[in-house]
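Q: Hi! Could you walk me through this structure while I have it open?

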Amino acid sequence: MDIRAVSFDLDDTLWPVLPAILEAERCVDRWLRTHHPDVARTWSVQALRDLRDQIADEHTHLGHDLGALRRLTMERAFAACGVTNPPVDEVWNIFYAARNNVELFPDTLTALERIRAHVPVATLTNGNADLTVIGLHHLFHQHVSAALVGVAKPDRRIFELVSDRLGVPAAHVLHVGDDPTMDVRGAKEAGMRTVWFNREGGPWPLPDEFRADLEFTNLSSLASWLDDHFDQAQPAA
């Protein structure tokens with residue numbers, strides 16, 4: 001493989017996202033119980049999740065923008081309780097701050113620094129993580145998110161966009177992600193090389209034709225593979 005750039009998924013690739021999402025939902029619930037107890041009684045955490053799923057089914061054109069779906073969820077929850085001028089922005093800010101209070105996988109920072117020493121690196125996400133808040137923005141050369149570009153993985157167009165922004169042909173971009181369909185199959189169909197970030201070591205769930213080129217259970221192993229890859233690519237003295 002001739003690797004000239006690497007793109008990374010974010011959630012569940014650089015950090016586990018579920019703990020942050022659960023805490024963000026709890027933060028919103030606590031705020032509602034204090035400031036809008038009627039809304040909190042009507043809309044439990046689970047009820048808001050169910051409402052969000054319903055709204056996502058109704059607004060499939062917003063599938064690329066998870067933040068917009070959550071804001072619509074709160075608008076409808078407040079409206080159902082007769083709240084005029086609902087504080088949707090305030091609730092969203094509470095959720096967003098907690099959602100971005102993530103804990104990196106232990107090897108993430110060191111591995112990223114090793115990898116970016118070899119090639120340009122980019123982010124490619126369907127989520128709404130804010131790398132500036134998280135503190136990783138400076139490590140990446142390009143940032144591509146579904147919410148900003150209007151199309152989500154596994155649509156090949158979002159992979160083609162990150163390739164264009166990196167200035168590297170898709171065949172020479174290595175995409176790294178945890179989701180076999182969204183990341184691996186999507187990137188492969190866009191012509192990229194692929195890494196399945198399989199931290200739990202589970203079996204490959206898709207047909208072999210979509211299997212990733214490489215598979216690692218941690219980012220340090222990927223960084224070591226790239227170290228070896230570029231060492232072998234160096235011309236003999």
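A: Happy to; we can take two histidines, then the sheet, then a pair of helices, bearing in mind that the model is predicted.

Q: Great. Where is H36 found?
A: H36 sits in the loop between α1 (18–35) and α2 (37–42).

Q: And why does H36 count as partly exposed?
A: Its relative accessibility is 21%, and the partly exposed class runs from 20% to 50%. So H36 falls in that class.

Q: Which residues does H36 touch, not counting those up to four places away in sequence?
A: With those left out, H36 touches W31, F78, V83 and P87.

Q: What separates the C-alpha atoms of H36 and P106?
A: Those C-alpha atoms are separated by 39 Å, and the two residues are 70 apart along the chain.

Q: On to H64, then. Is it buried or exposed?
A: H64 counts as buried, because its relative accessibility is 17% and the cut-off for buried is under 20%. You'll find H64 in the loop between α3 (45–58) and α4 (66–80).

Q: What lies 3.3 Å from a polar atom of the H64 side chain?
A: That's the backbone oxygen of H61. Leaving out residues up to four places away in sequence, H64 also touches N126, A146, A147, G150, V151 and A152.

Q: Changing topic: in what order do the strands of the sheet run?
A: The order is β3-β2-β1-β4-β5-β6, giving an open sheet of 6 strands with parallel pairing. At the edges are β3 (142–145) and β6 (214–216), each pairing on one side only. On average, neighbouring strands are turned by 20 degrees against each other, direction ignored.

Q: How many bridges link β4 and β5?
A: Strand β4 (residues 173–177) pairs with strand β5 (residues 193–197) over 4 bridges, in the parallel sense. If you want a spot to click on, G177 stands opposite W196 in β5.

Q: Which strands do α9 and α10 touch?
A: Helix α9 (residues 156–166) packs on the sheet and touches β1 (5–8), β2 (121–125), β3 and β4. Its direction makes about 165 degrees with that of β3. Helix α10 (residues 180–189) also packs on the sheet, touching β4 and β5, and its direction makes about 165 degrees with that of β5.

Q: Last one: how do α3 and α4 cross?
A: Their axes come within 9 Å and cross at roughly 115 degrees, so α3 and α4 are roughly perpendicular to each other. The crossing is right-handed. Among the residues that meet there are L48, L51 and I55 in α3 and L69, L72 and M74 in α4.

Notes:
Residues numbered from 1 in each chain as written. Predicted model: local features only at pLDDT ≥ 70, side-chain atom pairs only at ≥ 80, totals over all residues. Heavy atoms only, no water. Helix = DSSP H or I, 4+ residues; strand = E, 2+ residues; numbered from the N terminus. Buried < 20%, exposed > 50% of the residue type's maximum accessible area, 1.4 Å probe, protein only. Contact = heavy atoms within 4.5 Å. Polar contact = N/O pair within 3.5 Å; in protein donor to acceptor, adjacent residues only side chain to side chain. Pairing = 2+ DSSP bridges. Axes fitted to C-alpha atoms, helices over the stretch in contact; angles between N-to-C directions. Parallel < 35°, antiparallel > 145°, perpendicular 65-115°, else oblique. Left-handed = near helix turned anticlockwise from the far one by under 90°.
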